[in-house]
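User: I would like to learn how to read helices, strands and their packing in a model such as this one. Could you take me through some features one at a time, with the general idea before the case?

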Amino acid sequence: MKKSDKWAKVWFLNVFFGVMVIVSLFVGVVSAGEAEAIIIDTEKGVPGFWTEPARDLPSNWWYLHDHPDTSFDGWFDTKAYPPGRGNGTFWHTIAFPEMGECKGIWMASLPQSGNYEVFVWIPDPDPFDPYLDESTPPSDYLPTGKAQYKIFHNAGVATMTIDQNVNKGGFTSLGVFDFGTTARVELSNIEVEFWHSVAFDAVKFRLMQTPIDTTTPGNNQTGIEMDDTVPQLAPLNPDFLAYKQNPPETFYGYIPPPMNLSHLNQIPVEGLPRLGKLDSRFDWRDTNKVTPVKNQGPCDTGWIFGTTSVLESAVLIGESVAYDFSEQSVALCVDRSWIYLYDSLFDDPCNAGGWSGLASEVFIKKGSVLETCNPYVSALLNCGENCVCDDCPPVKKVDGYRLATNDGSQIEVIKNAVYSHGPVTMAYSHSESGEYWNESWGTIYDLYPCDGYVGDLASIIGWNDSVPHPNPNHAGTGAWIVKNSMGTGWGNNGFFYLAYNSSCVKEIAYLTYKDDNSDEELLYWDEAGYVGNEGYGYNSTWMADVFTAPKSGNLTHVDFWTTSNNAQYELYVWNGSFGSELASQNGTCQEFGYYSIPLNEPASIDAGQQFTVAVNMTTPGYDYPIPVEYKDTFWLGVDPPIQPNVSFVRCTDSDPWVDLADYGENACLRARLKVIVPPEITAYAPESPVNDYECAKRSFNITINQTVNVSWQINGTEVQTNASETKATYTNTSAVNGTWNVSAVVSNANGTDMQTWVWTVTSPCFIATAAYGTSLHGDIDILRDFRDEYLIPNPAGRAFVKIYYDTSPPLANAIRDNEGLRTAVREGVVKPVVHIARIVMG
């Protein structure tokens, strides 16, 4: 923006707590004033919690408990549940590709159906002592920031991502959910940062005493009479229309999005974690999780810089790696359907403007690229229709956009979003009349009351409740800490304060991301992306897109935008065009935004296969459930290609499907296909052919590009197998004379590969052979039998054979051509040994 964490010994709980285990799945009485809660702890033998795979696999699970140690206070404290020194225990596992999925399941029997708040305990163990016993885990406990709890409730499955570095040593709320008489929560190490730990501790279910107030379904927020036989577009955003009809004299690059989101203020988000009271001051710079301030120069590209800054901090918080992502790439790579961005040779896209959702679409489809590949040069952003998107390799891709709130007065909601997810975007009214300078605090923005135009976008990185409101008309204290994009010479070294409840704050959004995967393809028809909302006058409507797989692979995710808070989805994948079912599931998306829903069971798709993705979307309290793109060159400056027979809509499951092309629209519905890449042996040793002497020890090694099963074969006969490996070794400890084909055959569901070595094993000229002048003498056969039956089967004998084989050839060469030496060795050494061998063998 312009001016942007196994010890085998178990410490048992006290008698009271043990009784509570027997009574009811570990029902615990919580603090006074709180309703009785059901608590499922993770001790072995406690009903209600189990793991997959079982916890007796030491390579998968680690068990930690409070115990005396040699530290300064003489105690190792996990701060796990239950609280109190000597009580705490928990399990953890790590995210490591070769390990696979490790899952914990909590199952509670509830006294009655109803709304329950679900809490999870986050442990906080002391740092590991490297000099403790051998059961100490081999690495430090590094808590994940992406613990994805799945809550199975009456309306479906909700996934809540919790940072296990936050609110440690206590319960964190996952939100309120409607259950029958059973409740289930799951947590696994999938999609967690590499080598980070996932902690499994108590889960608590507390019955809500006051019913949840829900918005009545079917409430048409617009008050417009609608024809329920024809899909209708929702009205445009009034703020967008105001901008178009009366452009501001001073423009900083932010344009309100065209879709009307005013209904969100009347539909509060349900089921989000409750963090409790936060500190009066919080700043992500204190932990070095904010990337450096940049300078957008003369271009009105704050909407790009603010959004990019949020992504950079999300990665920095998640991975502790600072990336400098290219704003130039975003400016040049918005889909060309948005013609307003590239229709002027004088100042587009430099001064065309946009919003955080539009910038995020570039990160979703193309991905973020490094600044070094496409550096920011404002003078090169006046290219209009001649602009060219770069071909820089993507580093990270956005897979989630969440609008925490569109109402700047929701101070606690914004704080929770910043604290839980990192810096967030913030659109605001930037006006010189609202700019103040304070000797103690520096630059403070306090446009109050705000009735101006929201025209700039930055990122909130924290808050301080003590910052004064300099505007004489604005009582109180408290301000957001904001990162700007006008260089470090502006404001407070590139940052500034913005007073609470001032400057028309909107568009508080955060991003989720993942690593770019070159084997994944995002299939979609909505080139422009999310433009508007559509419905039939009811809060539930179906959308479907028909795709043809460009390559063979597995359908792993379905993506879509939601048009409101608390959106509920029923998702289906059908073979062909609306054919047999391949997959189905349901769930809830709490916040308005973009979601990439992982399929519980990926669907296998062949190259050229047609398949259909369909979603029945329900948005309680809002009657335009479907996100669409459509053409509007007058108001919106958007002209996407609309293809027939690919995108469809219907009101109910008994209605026929309607081709959205008939209305000039495409549904914003997408599919992620993970392309099948066959296994490949990328390295092997030794080189072929291989030559050895008899009884030699020889190892063969391979490295594979993915996890496979390995079959080792000699002349087609299997001699060894390895399961689920990316590296494998076969060792033969007694080479036999002859020529052998040694093969490593690797295979998995993606295909097979093979490496074959030609292994030639010969008999060297040993002392006995040289002494007799032939290897066919009967005494030689006796020595071979003695070797095979008495020496080779035991370690000492094998060691003797190895020494003999190592030293014998040069000695044999020395006597082979000297008849005197041959006779002396034969009569004085070999024959006595043969005699002894005959006696030993009977």
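**Reading a predicted model**

Analyst: We can start with a single residue, S309, which is found in helix α3 (residues 302-319); please keep in mind throughout that the model is predicted.

User: Is S309 buried or exposed, and which residues does S309 touch?

Analyst: The general idea is to compare the relative accessible area with a cut-off, and buried means under 20%. With a relative accessible area of 4%, S309 is buried. Leaving aside residues up to four places away in sequence, S309 touches S459 and K483.

User: How many residues of helix α5 are buried, and which are they?

Analyst: The same cut-off can be applied along a whole helix, with buried again meaning under 20% relative accessible area. In helix α5 (residues 356-365), ten of the ten residues are buried, so this helix is largely enclosed by the rest of the structure. The buried residues are S356, G357, L358, A359, S360, E361, V362, F363, I364 and K365. After α5 comes G367, whose phi is positive, near 100°.

User: At what angle do helix α8 and helix α10 pack, and which residues make the contact?

Analyst: A general point about helices helps here: an α-helix has 3.6 residues a turn, so residues three or four places apart point the same way. In this structure, helix α8 (residues 778-791) and helix α10 (residues 819-841) pack at an angle of about 50°, and their axes are 10 Å apart. That angle makes α8 oblique to α10, and the crossing of the two helices is left-handed. On the α8 side the contact is made by D779, I782, L783, D785, F786, E789 and Y790, while α10 contributes V830, K831, V833, V834, A837, R838, V840 and M841. Divided by character, the residues of this contact are ten nonpolar, no polar and five charged.

User: What is the strand order in the open sheet of three strands, and which strands stand at the edges?

Analyst: In general, strands of a sheet pair through backbone hydrogen bonds, either parallel or antiparallel. Here the order is β4-β7-β14, and the pairing is antiparallel. The edges are taken by β4 (62-65) and β14 (197-200), each of which has a single partner strand, so one side of each is left without a neighbour in the sheet. On average, and with direction ignored, neighbouring strands of this sheet are turned by 30° against each other.

User: Over how many bridges do β4 and strand β7 pair?

Analyst: The antiparallel pairing of β4 with strand β7 (residues 89-94) runs over four bridges. To follow one pair of residues, take L64, whose bridge partner in β7 is F90.

Methods:
Residues numbered from 1 in each chain as written. Predicted model: local features only at pLDDT ≥ 70, side-chain atom pairs only at ≥ 80, totals over all residues. Heavy atoms only, no water. Buried < 20%, exposed > 50% of the residue type's maximum accessible area, 1.4 Å probe, protein only. Axes fitted to C-alpha atoms, helices over the stretch in contact; angles between N-to-C directions. Parallel < 35°, antiparallel > 145°, perpendicular 65-115°, else oblique. Left-handed = near helix turned anticlockwise from the far one by under 90°. Contact = heavy atoms within 4.5 Å. Nonpolar A, V, L, I, M, F, W, Y, C, P; charged D, E, K, R; others polar. Pairing = 2+ DSSP bridges.
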